[in-house]
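Biologist: Please choose one part of this structure and examine it closely for a first-year student. I should like to know where its residues lie, what surrounds them, and how the rest of the chain is arranged.

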Amino acid sequence: MNHKIDNLSLTELKEVVTQLNEKPFRATQLFKWIYQKGVTSFDEMTDLPLEFRKKLIENFSFTKLTVVEQLESQLDGSIKVLFRLEDDNFIESVLMFDGKRVTACLSTQVGCRMGCQFCNTAKIGLIRNLTSAEIIRQIIYLRNLAETKKKPLTNLVFMGMGEPLDNFDNLTKSLDIILNEEALNFSHRKVTVSTCGIMDKLNLLAKHYKVNIAISLNAVTNKIRSKLMPVNKRYPIEEIINGIKKLPIPKRKRITLEYVLIDGLNNTTKDANLLVKQLKGLPIKVNLILYNKTKLSDFHSPQLNYALNFQKTLINNGIATFIRKSFGQDIEAACGQLYAKYYSERGQWKESNLTQEIKQ
């Protein structure tokens with residue numbers, strides 16, 4: 001028997017300790033070593049009895065993420081990391097510096113089955129879900145990386161490869177570790193989960209976790225949104241708007257709506273005015289994102305004045321609207337870009353047909 005020790009929750013560690021005939025408080029010690037201190041060796045757990053450590057070595061191992069490529073932006077200092085997983089699959093993570101705010105952008109899947117047309121990750125298709133350990137290992141690596149820059153990691157966003165709510169069990173298991181003061185000890189105010197709009201799972205998430213929520217909307221008509229995001233056929237705009245109204249959102253907290261502006265498709269003043277009508281009375285703020293042009297897409301970035309006019313229309317109608325700062329444009333920092341570059345350079349890139357129908 002050899003299981004991954006860092007894929008276990010505190011409750012599961014308590015069961016392990018009991019099975020190994022150790023005292024219950026050892027579980028909390030283990031929990032702190034694994035997640036708070038981020039060790040990857042039982043020998044480092046010096047306050048555990050030697051015999052207990054031997055039992056752990058015999059029965060458990062640690063999840064390993066290997067850095068394949070690490071690129072640092074000369075423009076803004078952001079760092080993108082391509083990791084190899086133990087099964088030779090790959091994921092990306094990004095560390096972003098913005099004043100005192102240091103944010104880790106995390107992946108939850110190898111690939112993605114949602115099929116969003118503006119996203120490089122969608123072209124991979126879904127290969128598999130990440131385990132909670134693979135999610136947490138990204139955080140620990142980026143936390144240590146931030147510390148080498150003498151800055152603490154302050155924020156986490158689940159906006160990397162994959163749809164977080166499509167890996168719901170491992171996402172929530174990770175959140176339990178992230179928010180636990182004996183583990184990573186992040187405030188729920190500093191954690192954001194982004195989704196393309198899987199509303200039933202989002203409602204379940206919001207009932208149990210107070211983390212920030214971001215929903216990718218990206219269009220004001222179902223025709224355009226379905227073209228951009230196949231998930232719209234299952235969760236159309238009306239269902240997203242009605243779903244937001246039903247979410248248990250605490251007072252003073254707002255949901256972020258993400259809107260990727262694509263030239264000639266969804267960036268007109270008419271689009272902005274229709275969006276104003278759709279969002280009236282909702283506890284939301286809007287993040288406008290200028291599409292990041294890549295070689296794998298025929299879409300184009302709009303000129304900045306279009307984004308500014310779009311923003312002005314929303315602000316004039318009482319909707320807090322921001323143009324999101326773009327990080328790492330010189331290091332393929334958009335989701336899936338480094339993965340695609342890595343494979344194309346080796347002649348292995350092939351667009352996947354693994355995108356699956358989204359069912360309830």
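**A close look at the recorded binding site**

Modeller: Ser216 is buried, since its relative accessible area is 14%. Please bear in mind that this is a predicted model. Ser216 belongs to strand E11. Beyond its neighbours within four places in sequence, Ser216 is in contact with Ser194, Thr195, Cys196, Arg225, Met229 and Glu258. The reason for starting here is a record: an unreviewed UniProt entry places a "binding site" feature at Gly162, Glu163, Ser194, Ser216, Leu217, Asn218 and Asn292. Ser194 is therefore both a contact of Ser216 and a position in that recorded list.

Let us move along the chain to Asn218. This residue lies in the loop that connects strand E11 (212-216) with helix H7 (222-228). With a relative accessible area of 1%, Asn218 is buried. What does the side chain of Asn218 reach? It comes to 2.7 Å from the backbone nitrogen of Val260. Residues up to four places away in sequence aside, Asn218 touches Phe118, Leu228, Met229, Glu258, Tyr259, Val260 and Asn266. Met229 and Glu258 appear here among the contacts of Asn218, and they appear also among those of Ser216.

Gly162, another position in the recorded list, is found in the loop between strand E9 (155-158) and helix H5 (168-179). Gly162 is buried, at a relative accessible area of 18%; the limit for that word is under 20%. Apart from neighbours within four places in sequence, its contacts are Thr108, Gln109, Gly111, Cys112 and Thr121.

One of these contacts, Cys112, raises a further point. Is Cys112 buried or exposed? Its relative accessibility is 8%, so Cys112 counts as buried. The closest cysteine sulfur to that of Cys112 is in Cys116, at 6.4 Å, which is too far for a bond. A search of the whole structure likewise finds zero disulfides.

The same unreviewed kind of record lists Glu92 and Cys335 under "active site". Glu92 sits in strand E5 (residues 90-98) and is buried, with a relative accessible area of 3%. Its side chain makes a polar contact of 2.6 Å with the side chain of Lys80.

Strand E12 leads us to a helix. Strand E12 (255-261) is included in what covers the buried residues of H9, along with helix H8 (237-246), strand E13 (284-290) and helix H10 (304-316). Within helix H9 (residues 269-279), the buried residues are Asp271, Ala272, Leu275, Val276, Gln278 and Leu279. Because they cover an arc of only 165 degrees around the axis, they are on the same side of H9. In general, an α-helix has 3.6 residues a turn, so residues three or four places apart point the same way. The face of H9 turned away from the buried side carries the exposed residues Lys270 and Lys277. Just after H9, Gly281 takes a positive phi of about 85 degrees.

Finally, the setting of these parts. The chain has 11 helices and 14 strands, and 54% of its 360 residues are buried. Of the contacts with a separation of 6 or more, 66% join residues 24 or more positions apart. The chain exposes about 17,100 Å², and carbon and sulfur atoms supply 48% of that area.

Definitions and conventions: Residues numbered from 1 in each chain as written. Predicted model: local features only at pLDDT ≥ 70, side-chain atom pairs only at ≥ 80, totals over all residues. Heavy atoms only, no water. Disulfide = S-S within 2.5 Å. Buried < 20%, exposed > 50% of the residue type's maximum accessible area, 1.4 Å probe, protein only. Helix = DSSP H or I, 4+ residues; strand = E, 2+ residues; numbered from the N terminus. Polar contact = N/O pair within 3.5 Å; in protein donor to acceptor, adjacent residues only side chain to side chain. Contact = heavy atoms within 4.5 Å. UniProt positions renumbered as here; feature names shortened; annotations may be inferred. Arc of directions from axis to C-beta. Areas by Shrake-Rupley, 256 points an atom, 1.4 Å probe, with all protein chains shown as cover.
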